[in-house]
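This report describes a molecular model for a reader at the bench. The sequence and structure are shown first, and the description follows.

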Number of protein chains: 2
Amino acid sequence: MPKVSSAHRAKRRRQILDGARKAFSRHGYEGATVPRLEKAIGLSRGAIFSYFPSKWDLFYALAEEDQARAGEIWLEEGFGGVLRHIAKERPEWIGVYFELTGMLRTRPELREQFLKRSPEVNARLVERVRAMQRTAELRDDLDAEQLGRFMGIVLDGIVVAVAAGAPVDIDPVIRLVSAAIAPQ
Amino acid sequence: MPKVSSAHRAKRRRQILDGARKAFSRHGYEGATVPRLEKAIGLSRGAIFSYFPSKWDLFYALAEEDQARAGEIWLEEGFGGVLRHIAKERPEWIGVYFELTGMLRTRPELREQFLKRSPEVNARLVERVRAMQRTAELRDDLDAEQLGRFMGIVLDGIVVAVAAGAPVDIDPVIRLVSAAIAPQ
(Lines give C-alpha, C1' and ligand atoms only; values in the text may rest on other atoms or scores of the structure.)
Protein backbone atom coordinates (compact mmCIF):
# COMPACT_ATOMS: atom_id res chain seq x y z
CA MET A 1 0.00 0.00 0.00
CA PRO A 2 2.27 2.79 -1.23
CA LYS A 3 -0.32 5.48 -0.37
CA VAL A 4 -0.19 4.77 3.38
CA SER A 5 3.58 4.49 3.25
CA SER A 6 3.83 7.87 1.52
CA ALA A 7 1.57 9.52 4.13
CA HIS A 8 3.62 7.92 6.86
CA ARG A 9 6.84 9.22 5.34
CA ALA A 10 5.42 12.74 5.03
CA LYS A 11 4.35 12.68 8.68
CA ARG A 12 7.76 11.44 9.84
CA ARG A 13 9.50 14.05 7.71
CA ARG A 14 7.33 16.77 9.30
CA GLN A 15 8.09 15.44 12.79
CA ILE A 16 11.83 15.51 12.05
CA LEU A 17 11.77 19.05 10.63
CA ASP A 18 9.69 20.45 13.51
CA GLY A 19 11.94 18.83 16.12
CA ALA A 20 15.11 19.96 14.34
CA ARG A 21 13.85 23.55 14.19
CA LYS A 22 13.35 23.46 17.96
CA ALA A 23 16.77 21.94 18.60
CA PHE A 24 18.55 24.47 16.35
CA SER A 25 16.64 27.37 17.96
CA ARG A 26 17.51 26.19 21.46
CA HIS A 27 21.13 25.12 20.99
CA GLY A 28 22.31 26.79 17.77
CA TYR A 29 23.64 24.89 14.76
CA GLU A 30 26.89 23.68 16.29
CA GLY A 31 25.21 23.06 19.64
CA ALA A 32 22.49 20.86 18.14
CA THR A 33 24.37 17.59 18.66
CA VAL A 34 22.97 14.27 17.45
CA PRO A 35 21.72 13.32 20.97
CA ARG A 36 19.96 16.69 21.25
CA LEU A 37 18.41 16.28 17.79
CA GLU A 38 17.23 12.77 18.79
CA LYS A 39 15.67 14.15 21.98
CA ALA A 40 13.91 17.11 20.32
CA ILE A 41 12.67 14.97 17.41
CA GLY A 42 11.79 11.85 19.41
CA LEU A 43 13.42 9.48 16.91
CA SER A 44 16.73 7.63 16.74
CA ARG A 45 19.65 8.93 14.69
CA GLY A 46 19.14 6.04 12.29
CA ALA A 47 15.57 7.14 11.57
CA ILE A 48 16.52 10.83 11.32
CA PHE A 49 19.43 10.34 8.96
CA SER A 50 17.45 8.01 6.72
CA TYR A 51 15.37 11.10 5.85
CA PHE A 52 18.16 13.70 5.87
CA PRO A 53 21.71 12.45 5.22
CA SER A 54 23.40 15.16 7.34
CA LYS A 55 22.79 18.01 9.80
CA TRP A 56 23.40 20.44 6.93
CA ASP A 57 20.62 18.75 4.90
CA LEU A 58 18.29 19.15 7.89
CA PHE A 59 19.05 22.84 8.22
CA TYR A 60 18.88 23.35 4.45
CA ALA A 61 15.39 21.78 4.30
CA LEU A 62 14.23 24.24 7.01
CA ALA A 63 15.82 27.19 5.20
CA GLU A 64 14.04 26.07 2.00
CA GLU A 65 10.73 26.03 3.86
CA ASP A 66 11.39 29.54 5.22
CA GLN A 67 12.24 30.83 1.77
CA ALA A 68 9.18 29.22 0.16
CA ARG A 69 6.91 30.61 2.92
CA ALA A 70 8.37 34.13 2.59
CA GLY A 71 7.95 33.90 -1.19
CA GLU A 72 4.30 32.89 -0.86
CA ILE A 73 3.62 35.81 1.50
CA TRP A 74 5.40 38.11 -0.93
CA LEU A 75 3.17 36.95 -3.80
CA GLU A 76 -0.01 37.23 -1.70
CA GLU A 77 0.62 40.34 0.43
CA GLY A 78 3.51 42.12 -1.27
CA PHE A 79 6.93 43.03 0.11
CA GLY A 80 5.48 44.80 3.17
CA GLY A 81 3.85 41.54 4.20
CA VAL A 82 7.21 39.76 4.08
CA LEU A 83 8.88 42.48 6.17
CA ARG A 84 6.13 42.20 8.81
CA HIS A 85 6.40 38.41 8.75
CA ILE A 86 10.20 38.50 9.25
CA ALA A 87 9.95 41.10 12.03
CA LYS A 88 7.74 38.63 13.94
CA GLU A 89 10.08 35.64 13.46
CA ARG A 90 11.65 34.04 16.52
CA PRO A 91 15.10 35.60 17.04
CA GLU A 92 16.44 32.29 18.36
CA TRP A 93 15.70 30.61 15.05
CA ILE A 94 16.89 33.51 12.90
CA GLY A 95 20.15 33.58 14.84
CA VAL A 96 20.98 30.10 13.49
CA TYR A 97 21.39 31.58 10.00
CA PHE A 98 24.14 33.88 11.26
CA GLU A 99 26.02 31.00 12.77
CA LEU A 100 26.35 29.69 9.22
CA THR A 101 27.74 32.76 7.40
CA GLY A 102 31.32 31.59 8.00
CA MET A 103 30.60 28.10 6.70
CA LEU A 104 28.84 29.50 3.62
CA ARG A 105 31.80 31.76 2.91
CA THR A 106 34.41 29.02 3.12
CA ARG A 107 32.40 26.30 1.33
CA PRO A 108 31.32 27.65 -2.08
CA GLU A 109 29.33 24.51 -2.97
CA LEU A 110 27.09 24.96 0.11
CA ARG A 111 26.79 28.71 -0.60
CA GLU A 112 25.67 28.01 -4.19
CA GLN A 113 23.09 25.51 -2.94
CA PHE A 114 21.90 27.87 -0.20
CA LEU A 115 21.58 30.96 -2.41
CA LYS A 116 19.55 29.00 -4.97
CA ARG A 117 17.12 27.37 -2.55
CA SER A 118 13.40 27.27 -3.44
CA PRO A 119 13.98 28.17 -7.11
CA GLU A 120 10.31 27.72 -8.08
CA VAL A 121 8.91 30.41 -5.80
CA ASN A 122 11.86 32.67 -6.70
CA ALA A 123 11.12 32.27 -10.42
CA ARG A 124 7.48 33.22 -9.74
CA LEU A 125 8.65 36.32 -7.83
CA VAL A 126 10.91 37.47 -10.67
CA GLU A 127 8.01 36.90 -13.09
CA ARG A 128 5.73 39.00 -10.85
CA VAL A 129 8.28 41.82 -10.72
CA ARG A 130 8.62 41.75 -14.53
CA ALA A 131 4.83 41.90 -14.93
CA MET A 132 4.69 44.91 -12.57
CA GLN A 133 7.43 46.59 -14.59
CA ARG A 134 5.40 46.08 -17.77
CA THR A 135 2.33 47.69 -16.16
CA ALA A 136 4.49 50.58 -14.81
CA GLU A 137 3.85 49.67 -11.17
CA LEU A 138 7.60 49.23 -10.67
CA ARG A 139 10.57 51.05 -12.18
CA ASP A 140 11.99 49.38 -15.28
CA ASP A 141 15.33 51.20 -15.55
CA LEU A 142 16.81 48.39 -13.39
CA ASP A 143 16.15 44.74 -14.16
CA ALA A 144 13.88 42.49 -12.13
CA GLU A 145 16.81 40.61 -10.56
CA GLN A 146 18.39 43.89 -9.37
CA LEU A 147 15.11 45.00 -7.76
CA GLY A 148 14.75 41.54 -6.20
CA ARG A 149 18.28 41.55 -4.82
CA PHE A 150 17.73 45.01 -3.29
CA MET A 151 14.60 43.83 -1.51
CA GLY A 152 16.57 40.79 -0.34
CA ILE A 153 19.28 43.08 1.08
CA VAL A 154 16.65 45.08 3.00
CA LEU A 155 15.15 41.82 4.32
CA ASP A 156 18.57 40.64 5.48
CA GLY A 157 19.11 43.96 7.26
CA ILE A 158 15.80 43.51 9.11
CA VAL A 159 16.83 39.96 9.96
CA VAL A 160 20.05 41.29 11.57
CA ALA A 161 18.01 43.61 13.81
CA VAL A 162 15.59 40.82 14.78
CA ALA A 163 18.44 38.41 15.56
CA ALA A 164 20.15 41.02 17.75
CA GLY A 165 16.89 41.75 19.58
CA ALA A 166 16.79 45.38 18.37
CA PRO A 167 13.33 46.92 17.85
CA VAL A 168 12.32 47.51 14.21
CA ASP A 169 9.78 50.09 13.05
CA ILE A 170 8.55 48.44 9.85
CA ASP A 171 6.21 51.08 8.40
CA PRO A 172 8.83 53.69 7.46
CA VAL A 173 10.94 50.91 5.90
CA ILE A 174 7.98 49.88 3.74
CA ARG A 175 7.45 53.49 2.62
CA LEU A 176 11.13 53.91 1.77
CA VAL A 177 11.39 50.64 -0.18
CA SER A 178 8.18 51.51 -2.05
CA ALA A 179 9.70 54.83 -3.11
CA ALA A 180 12.95 53.08 -4.14
CA ILE A 181 11.27 50.63 -6.50
CA ALA A 182 8.51 52.92 -7.82
CA PRO A 183 8.73 54.22 -11.40
CA GLN A 184 11.09 57.23 -11.31
CA MET B 1 57.25 63.05 31.40
CA PRO B 2 53.51 62.55 30.87
CA LYS B 3 53.78 63.33 27.15
CA VAL B 4 56.05 60.37 26.42
CA SER B 5 53.99 58.13 28.66
CA SER B 6 50.82 59.15 26.85
CA ALA B 7 52.40 58.49 23.44
CA HIS B 8 53.60 55.14 24.71
CA ARG B 9 50.12 54.25 25.92
CA ALA B 10 48.57 55.24 22.59
CA LYS B 11 51.09 53.08 20.72
CA ARG B 12 50.46 50.09 22.99
CA ARG B 13 46.71 50.54 22.65
CA ARG B 14 47.09 50.54 18.84
CA GLN B 15 49.24 47.40 18.98
CA ILE B 16 46.62 45.64 21.11
CA LEU B 17 43.71 46.64 18.87
CA ASP B 18 45.50 45.64 15.65
CA GLY B 19 46.53 42.28 17.09
CA ALA B 20 43.05 41.63 18.49
CA ARG B 21 41.45 42.39 15.11
CA LYS B 22 43.74 39.78 13.53
CA ALA B 23 43.00 37.20 16.23
CA PHE B 24 39.21 37.73 15.99
CA SER B 25 39.33 37.55 12.18
CA ARG B 26 41.35 34.34 12.24
CA HIS B 27 39.66 32.47 15.09
CA GLY B 28 36.28 34.15 15.59
CA TYR B 29 35.16 35.74 18.85
CA GLU B 30 34.77 32.54 20.88
CA GLY B 31 37.85 31.01 19.28
CA ALA B 32 40.09 34.00 20.15
CA THR B 33 41.31 32.55 23.44
CA VAL B 34 43.61 34.49 25.75
CA PRO B 35 46.72 32.58 24.53
CA ARG B 36 45.76 33.33 20.91
CA LEU B 37 45.18 37.01 21.73
CA GLU B 38 48.59 37.12 23.46
CA LYS B 39 50.26 35.56 20.43
CA ALA B 40 48.58 37.84 17.85
CA ILE B 41 49.20 40.97 19.95
CA GLY B 42 52.69 40.11 21.18
CA LEU B 43 51.96 41.12 24.78
CA SER B 44 51.08 39.23 27.96
CA ARG B 45 47.51 38.92 29.20
CA GLY B 46 48.41 41.25 32.09
CA ALA B 47 49.46 44.01 29.68
CA ILE B 48 46.45 43.46 27.39
CA PHE B 49 43.85 43.46 30.13
CA SER B 50 45.35 46.56 31.77
CA TYR B 51 44.16 48.41 28.65
CA PHE B 52 40.90 46.52 28.04
CA PRO B 53 39.26 44.85 31.05
CA SER B 54 37.65 42.03 29.02
CA LYS B 55 37.46 40.40 25.60
CA TRP B 56 34.11 42.15 25.08
CA ASP B 57 35.78 45.54 25.73
CA LEU B 58 38.41 44.68 23.13
CA PHE B 59 35.80 43.77 20.53
CA TYR B 60 33.69 46.79 21.46
CA ALA B 61 36.64 49.17 20.94
CA LEU B 62 37.16 47.71 17.45
CA ALA B 63 33.43 47.99 16.63
CA GLU B 64 33.56 51.63 17.79
CA GLU B 65 36.48 52.28 15.44
CA ASP B 66 34.58 50.65 12.55
CA GLN B 67 31.51 52.75 13.27
CA ALA B 68 33.49 55.99 13.55
CA ARG B 69 35.35 55.23 10.29
CA ALA B 70 32.12 54.42 8.42
CA GLY B 71 30.58 57.63 9.82
CA GLU B 72 33.53 59.71 8.61
CA ILE B 73 33.31 58.17 5.11
CA TRP B 74 29.56 58.85 5.15
CA LEU B 75 30.15 62.52 5.98
CA GLU B 76 32.91 62.89 3.35
CA GLU B 77 31.66 60.72 0.48
CA GLY B 78 27.97 60.13 1.19
CA PHE B 79 26.08 56.87 1.73
CA GLY B 80 27.38 55.35 -1.52
CA GLY B 81 30.93 55.72 -0.21
CA VAL B 82 30.02 53.76 2.93
CA LEU B 83 28.39 50.98 0.89
CA ARG B 84 31.51 50.68 -1.29
CA HIS B 85 33.72 50.70 1.81
CA ILE B 86 31.68 47.92 3.49
CA ALA B 87 31.61 45.82 0.32
CA LYS B 88 35.43 45.82 0.40
CA GLU B 89 35.68 44.84 4.10
CA ARG B 90 37.33 41.55 4.96
CA PRO B 91 34.57 38.91 5.33
CA GLU B 92 36.54 37.17 8.09
CA TRP B 93 36.37 40.27 10.27
CA ILE B 94 32.75 41.09 9.41
CA GLY B 95 31.77 37.53 10.30
CA VAL B 96 32.79 38.20 13.92
CA TYR B 97 29.84 40.59 14.27
CA PHE B 98 27.42 37.79 13.42
CA GLU B 99 28.89 35.54 16.04
CA LEU B 100 27.71 38.15 18.55
CA THR B 101 24.04 38.56 17.56
CA GLY B 102 22.95 35.90 20.06
CA MET B 103 24.91 37.51 22.89
CA LEU B 104 23.50 40.95 22.04
CA ARG B 105 19.97 39.54 22.05
CA THR B 106 20.28 37.85 25.44
CA ARG B 107 22.27 40.62 27.17
CA PRO B 108 20.33 43.89 26.87
CA GLU B 109 23.03 45.95 28.62
CA LEU B 110 25.62 44.96 25.98
CA ARG B 111 23.07 45.54 23.21
CA GLU B 112 22.36 49.06 24.49
CA GLN B 113 26.06 49.81 24.66
CA PHE B 114 26.67 48.34 21.21
CA LEU B 115 23.78 50.14 19.46
CA LYS B 116 24.93 53.48 20.89
CA ARG B 117 28.60 53.16 20.02
CA SER B 118 30.41 56.20 18.55
CA PRO B 119 27.65 58.67 19.51
CA GLU B 120 29.59 61.74 18.32
CA VAL B 121 29.88 60.73 14.69
CA ASN B 122 26.25 59.49 14.77
CA ALA B 123 25.06 62.86 16.09
CA ARG B 124 26.94 64.58 13.26
CA LEU B 125 25.27 62.24 10.75
CA VAL B 126 21.78 62.98 12.06
CA GLU B 127 22.63 66.70 11.92
CA ARG B 128 23.77 66.30 8.31
CA VAL B 129 20.55 64.48 7.37
CA ARG B 130 18.47 67.24 9.01
CA ALA B 131 20.41 69.92 7.13
CA MET B 132 19.79 68.07 3.84
CA GLN B 133 16.09 67.83 4.69
CA ARG B 134 16.00 71.61 5.22
CA THR B 135 17.61 72.22 1.81
CA ALA B 136 15.20 69.71 0.19
CA GLU B 137 18.00 67.33 -0.82
CA LEU B 138 16.31 64.58 1.26
CA ARG B 139 12.65 63.82 1.92
CA ASP B 140 11.29 65.39 5.09
CA ASP B 141 8.05 63.43 5.50
CA LEU B 142 10.05 60.94 7.59
CA ASP B 143 12.34 62.10 10.38
CA ALA B 144 16.13 62.03 10.22
CA GLU B 145 16.38 59.05 12.59
CA GLN B 146 14.01 57.00 10.41
CA LEU B 147 16.05 57.78 7.28
CA GLY B 148 19.24 56.94 9.20
CA ARG B 149 17.85 53.63 10.46
CA PHE B 150 16.78 52.66 6.94
CA MET B 151 20.27 53.31 5.61
CA GLY B 152 21.63 51.27 8.53
CA ILE B 153 19.31 48.37 7.59
CA VAL B 154 20.58 48.45 3.99
CA LEU B 155 24.18 48.51 5.28
CA ASP B 156 23.49 45.50 7.51
CA GLY B 157 21.99 43.65 4.53
CA ILE B 158 25.17 44.31 2.51
CA VAL B 159 27.23 43.15 5.47
CA VAL B 160 25.32 39.83 5.49
CA ALA B 161 26.19 39.28 1.82
CA VAL B 162 29.87 40.16 2.38
CA ALA B 163 30.11 37.86 5.42
CA ALA B 164 28.58 34.97 3.46
CA GLY B 165 30.96 35.59 0.56
CA ALA B 166 28.14 36.44 -1.87
CA PRO B 167 28.94 38.94 -4.65
CA VAL B 168 27.32 42.37 -4.27
CA ASP B 169 26.58 44.76 -7.13
CA ILE B 170 26.70 48.09 -5.28
CA ASP B 171 25.67 50.60 -7.99
CA PRO B 172 22.00 49.55 -8.32
CA VAL B 173 21.74 49.57 -4.52
CA ILE B 174 23.01 53.15 -4.42
CA ARG B 175 20.50 54.21 -7.09
CA LEU B 176 17.64 52.53 -5.22
CA VAL B 177 18.55 54.01 -1.82
CA SER B 178 18.94 57.46 -3.42
CA ALA B 179 15.41 57.18 -4.83
CA ALA B 180 14.06 56.01 -1.45
CA ILE B 181 15.40 59.00 0.48
CA ALA B 182 14.91 61.67 -2.20
CA PRO B 183 12.13 64.26 -1.76
CA GLN B 184 8.91 62.56 -2.97
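## Surroundings of a helix residue

Leaving aside its neighbours within four places in sequence, F24(A) is in contact (heavy atoms within 4.5 Å) with Y29(A), A32(A), K55(A), L58(A), F59(A), L62(A), W93(A) and V96(A). This is a predicted model, in which local features need pLDDT of at least 70 and side-chain atom pairs count only at pLDDT 80 or more, while totals for chains, interfaces and linings use all residues. Residues are numbered from 1 along each chain as its sequence is written, chains are lettered from A and ligands numbered from 1 in the order in which they are written, and side-chain values use heavy atoms, with hydrogens and water left out.

F24(A) lies in helix α1 (residues 2-31) of chain A; helices (H or I, at least four residues) are DSSP runs, numbered from the N terminus. With 0% relative accessibility, F24(A) counts as buried, a class that means under 20% relative accessible area, whereas exposed means over 50% and partly exposed lies in between (1.4 Å probe, protein chains only). Between the C-alpha atoms of F24(A) and G95(A), which are 71 residues apart along the chain, the separation is 9.4 Å.

## The two chains

Chain A is superposed on chain B by a rotation of 180° with 0.0 Å of shift along its axis (RMSD 0.0 Å); the fit is by least squares on the C-alpha atoms of residues with pLDDT of at least 70 in both copies. The two copies are thus related as by a two-fold rotation axis. Of the interface residues of chain A, 100% are also interface residues in chain B, so the copies meet through the same surface.

In this interface, 35 residues of chain A are in contact with 35 residues of chain B. The chains bury about 3000 Å² between them, 69% of it on carbon and sulfur atoms; buried area is the accessible area (1.4 Å probe) that two parts lose on being put together, summed over both. R105(A), I153(A) and L176(A) supply 22% of the area that chain A buries against chain B, more than any other three residues.

Between chain A and chain B there are 2 salt bridges, each a side-chain nitrogen of Lys or Arg within 4 Å of a carboxyl oxygen of Asp or Glu. R175(B) and D141(A) meet through their side chains in a salt bridge. On the side of chain A that touches chain B, at least two residues come from each of α6 (91-99), α7 (101-106), α8 (108-115), α10 (144-163) and α11 (170-181) of chain A. The most is given by α10(A), with 11 residues.

## Salt bridges

Over all chains, the structure holds 30 salt bridges. Four pairs are listed below with their N to O distances.

| Salt bridge | N to O distance |
|---|---|
| R175(B) and D141(A) | 3.0 Å |
| D18(B) and R14(B) | 2.9 Å |
| K116(B) and E112(B) | 3.2 Å |
| R130(B) and E145(B) | 2.8 Å |

D18(B) and R14(B) both lie in helix α1 (residues 2-31) of chain B, 4 residues apart, about one turn of the helix. D18(B) is partly exposed at 36% relative accessible area, and R14(B) is partly exposed at 35%. K116(B), at 56% relative accessibility, counts as exposed, while E112(B), at 39%, counts as partly exposed.

R130(B) lies in helix α9 (residues 119-134) of chain B and E145(B) in helix α10 (residues 144-163) of chain B, so their pair ties together parts that are 15 residues apart in sequence. R130(B) is partly exposed, with a relative accessible area of 32%. In chain A, salt bridges that share partners join R14(A), D18(A), R21(A), E65(A) and D66(A) into one network.
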